[in-house]
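User: I have a protein model open and want to go through its surface, its core and one helix. Please keep the answers short.

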Amino acid sequence: MPSLLHVFGNTFPAFGASLLLGAMVVASYTFAVALAAGRDGRPRTLQAARFGAYGTVALVGVAVLCLAYAFVTHDFRIRYVAHYSDRSMPLQYLLTALWGGQDGSLLWWLFLLSAYIGACVRWLGKRYLELQPYIIATLMAVVLFFCVLMAFAANPFATNVAGPRADGEGLNPLLQNYWMVIHPPCLYTGFVGCSVPFAFAVGALVTGRLDHEWIVASRKWTLFAWMFLGIGNTLGMLWAYEELGWGGYWGWDPVENAAFMPFLMASAYVHSVMIQERRGLLKVWNVFLIGLTFFLTIFGTFLTRSGMISSIHAFAQSSIGGYFVAFLLILVGFTATLVMWRWPELRDVTPSLRLRKAALAAGWLVIGGCMPGLVFVWRLGLPVGWRVTLIAFLAGVAVFVALEVVFRRMTSGLDVRAHRPQIESVFSREFTFLLNNWVLCSLLFFILVATTFPLISEALTGEKVTVGPPFYKAWVQPLGLVLLMLMGIGTLFGWKKTSTDALRRASYAPLAATGVAAGLHLAFGRMLGFPAVVWSDPIYPGALGSVLRAFNAVMPLLGFSLCVFNAAVIVQEFALLFRARAQSGALRSTPSLLWWAGGLPGFVHTLFSLSPASRRRYGGYIVHLGIVLMFIGFTGQSWNVDREASLFPGESFEVGEYNLKYVGARMEVDNNKRMVFADVDVFKSGQYIERLSPAKFIYKKQPDSPTTEVAIGHGLRDDVYIIVGTVNPSNKNIASFNFHINPLVSWIWLGCMVLIAGSVVCMWPQIVFGESRVWSGARGIAATAASVLFGIMLAATPAARAQTMLHTGTVHIESDVERSLFASLRCMCGSCPRDLLSTCPCESADEARENIRAKLRAGEARDRIIAEYSDEYGAEALAVPPNRGILRAIWFVPMVGIALGALGLARLMRRWRRGSGPPKDGNPGGSKAEGATKDAYDAQIDDELKDLDD
């Protein structure tokens with residue numbers, strides 16, 4: 001007993017560590033008991049697993065409370081507390097520090113996962129008894145991974161070797177920010193939420209119950225996670241916009257991309273899963289999508305914490321990368337094995353043991369043959385091109401042998417034809433959803449290759465090439481516009497097939513509105529300050545750069561026109577809904593008082609009185625409207641105006657339609673810092689708008705690193721964004737300013753709130769009150785309303801928090817030519833994360849900018865300056881990798897993947913349409929009577945599907 005007390009101790013840090021060890025033990029027990037419950041099917045065993053899950057949740061919850069208590073009480077014996085807090089920090093930032101570092105963020109991840117587990121186990125109750133054991137076991141496996149990680153590599157309760165400090169180091173000033181209080185929890189809520197639908201998919205694969213049961217069961221969990229992924233990414237944009245001080249909201253940083261990629265795959269899943277639910281198709285694809293979504297959440301966490309990428313958002317380099325790699329490999333191997341074992345059920349083929357073995361043998365032959373071969377070939381002393389070619393050849397041989405030799409021989413004599421419905425027409429909602437998935441996966445592939453290209457280029461050439469925003473803007477914007485177009489077109493089609501006349505009637509009004517909007521934009525856009533065509537510098541010399549430049553020049557016109565098209569489609573759908581309800585008399589169920597109260601209450605009442613299927617449909621349209629509003633905001637970046645000026649008090653400066661008058665400087669002091677404010681009055685067309693006060697903060701603990709506070713005036717048309725560089729009291733308080741006029745940015749935050757509202761409508765429970773279900777219904781409504789209200793409150797606060805944001809420096813830019821040039825080059829000082837010269841405030845970046853200014857004054861051309869900078873520092877100093885040699889792979893490989901995906905989709909449709917044609921024997925054309933019977937049957941099916949939609 002004394003030895004146990006010595007191990008766990010009477011000290012608080014040891015108690016916290018013992019809680020994590022206890023959670024690991026209980027999670028292991030629950031995992032084993034859950035598997036036993038799945039094997040023997042005994043209710044008592046399952047109940048024991050449920051109790052074990054609750055025990056794990058309790059232990060993790062107490063561990064988080066202990067760490068929070070340590071922060072609040074300044075227990076500097078704990079290394080993590082001493083590193084991320086000090087005695088002067090207010091309570092809200094002490095709690096923020098809980099997830100401000102690596103160890104605490106992993107514990108917070110585990111806490112959110114345990115909350116999901118508790119809610120899921122409670123919700124399951126007596127539902128889905130065959131799936132339950134494997135759902136619990138899967139979730140416990142994820143808990144075990146994070147417990148092991150914290151026990152052996154990232155213990156948040158580890159103590160300082162030298163003993164407790166008198167005071168802590170304090171939280172990074174960049175993180176002492178309102179948005180950092182809510183952004184990480186929201187994003188983690190979305191990330192962790194993807195574990196639950198993945199667990200349902202694993203349960204379905206293990207049990208073989210692969211119809212739409214698991215999809216229906218996990219639908220609201222998926223929508224909830226998807227909603228918080230969207231909220232988390234939007235709050236991340238807000239943090240970057242109002243904290244980092246470079247005038248933008250999305251810098252295509254690797255960590256930003258890691259948070260965005262799961263959102264893309266979750267979006268693809270929530271669309272494709274509807275095809276399986278209605279038509280029984282895409283079973284393999286949906287399992288792949290939900291597995292990939294969960295994989296990307298872990299992969300994004302790995303990127304953020306492994307130190308393999310350079311990012312302002314990333315944590316410090318650590319040793320936990322190996323743990324994540326091992327878990328990801330286990331995850332891929334386990335999921336792939338389950339999919340191969342259940343291949344007959346997923347493909348709607350008559351199952352047999354021989355077919356399962358054939359699928360396993362073929363699949364693992366490809367995996368086992370490619371991986372060792374890839375490593376062997378890569379270590380050969382051959383040129384890069386030869387090694388890549390050999391790897392591609394090896395992969396092709398492995399696939400050929402697996403399919404043509406192993407699989408065909410092992411399944412010889414078996415009926416491997418799929419017995420399932422097919423997509424009959426490209427003029428159907430099913431096909432537009434497939435196109436939607438193709439574009440979303442294309443976006444993912446492009447972003448994934450570009451995000452990991454520094455690692456790829458280092459492996460290929462030994463040079464770590466970085467990728468900046470100009471590359472993403474040039475290549476990703478076209479795919480985003482295609483996605484926006486498909487979002488509107490897909491709504492015009494019905495399920496199964498759509499007649500030409502119906503499609504013409506449905507598209508007339510939206511196309512007319514689009515044409516009018518495009519004409520008005522071309523005619524009056526420049527006069528209103530929103531020109532339809534905006535040219536920028538090409539990212540590549542030659543034809544490729546010219547083509548990309550030309551397409552992106554018309555992006556404002558295309559983006560605005562497609563937004564109008566989508567808005568017209570959505571308005572048309574709601575108009576048809578209310579007309580149909582008025583004709584049927586259903587509209588009278590909404591009290592007239594609600595319509596007289598402004599219309600919105602009546603609209604909301606109508607939505608929530610629809611059937612569940614219709615509510616999901618029209619809630620989805622509201623989500624689409626939110627995305628349209630966000631795209632309007634994204635389009636606004638084409639018209640940004642950026643200027644710099646040095647002003648004495650009383651002087652004014654014109655920026656676009658605004659007159660900005662520098663009133664003067666003032667100083668304030670609190671217990672933590674000195675604050676130097678520069679007050680600026682904003683006028684528009686001679687009318688006073690507001691006073692903005694950018695500032696410099698000098699913290700007592702970091703006097704040599706003053707931070708800069710951004711001041712933002714939000715508006716529906718423009719945001720006035722002001723940064724103060726320096727204030728010189730010895731020269732009459734002269735101040736240098738960066739002024740940014742950012743059009744339509746507020747539409748992004750408005751769109752997020754509309755997206756949340758649409759998600760609420762989709763998730764709202766259908767309650768049928770009865771004698772024994774009243775309180776159950778009330779609980780369901782209260783839980784949904786509370787969670788969504790929380791999300792709305794998070795997204796509704798930008799204007800109220802407009803002027804309390806910090807960043808660590810400013811950059812002086814004298815002209816648009818300098819701005820374009822600095823945005824193409826990176827700082828190579830080695831101490832910062834290779835920021836662009838247009839945003840990096842360090843001394844080395846200042847020196848590089850002065851050298852470039854001297855070359856510009858000497859008359860050197862832009863391309864020559866970039867070439868000289870690249871020759872001095874290498875290709876890694878460029879924001880866009882040069883378009884030469886093996887570095888072309890950054891765009892060539894994704895384009896090949898996109899093209900192959902398009903060819904595969906076309907081949908799939910050809911096979912489906914050929915399979916749905918008339919039989920070759922008998923009368924291929926069919927008699928007229930048979931044709932009439934078939935047309936009548938198709939019309940009946942169309943009517944039934946339409947009824948399901950309505």
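User: How much area does the protein expose, and what share do carbon and sulfur atoms supply?

Analyst: This is a predicted model, where local features need pLDDT of at least 70, side-chain atom pairs count only at pLDDT 80 or more, and totals for chains, interfaces and linings use all residues. Residues are numbered from 1 along each chain as its sequence is written, and side-chain values use heavy atoms, with hydrogens and water left out. Accessible areas come from the Shrake-Rupley method with a 1.4 Å probe, and for residues only the protein chains shown count as cover. The protein exposes about 42,100 Å², and the share from carbon and sulfur atoms is 64%.

User: What percentage of the 950 residues count as buried?

Analyst: Buried means under 20% relative accessible area, exposed over 50%, and partly exposed in between (1.4 Å probe, protein chains only). Cysteine 147, at 1%, counts as buried. Cysteine 827 is buried too, at 2%. For the 950 residues of the protein, the buried share is 53%.

User: Which residues of helix H20 are buried?

Analyst: Helices (H or I, at least four residues) and strands (E, at least two) are DSSP runs, numbered from the N terminus. H20 spans residues 543-553. Its buried residues are Gly545, Leu548, Asn552 and Ala553.

User: Why do these buried residues lie on the same side of H20?

Analyst: An α-helix has 3.6 residues a turn, so residues three or four places apart point the same way. The arc is that of the directions from the helix axis to the C-beta atoms. The buried residues share a side of H20 because their arc around the axis is only 135 degrees.

User: Which helices do the buried residues of H20 pack against?

Analyst: Contact means heavy atoms within 4.5 Å. The face turned away from the buried side carries the exposed residues Ala543 and Val547. The buried residues pack against helix H18 (469-492) and helix H21 (555-584).

User: Which residues make the nonpolar surface patch of about 530 Å²?

Analyst: Patch residues have over 30% relative accessible area and no salt bridge (a side-chain nitrogen of Lys or Arg within 4 Å of a carboxyl oxygen of Asp or Glu). Like charges are joined within 9 Å, nonpolar side chains (Val, Leu, Ile, Met, Phe, Trp, Tyr) within 5 Å. Leucine 528 is partly exposed at 48% and sits in the loop between helix H19 (500-524) and H20. The patch is made by Val516, Leu520, Phe524, Met527 and Leu528.
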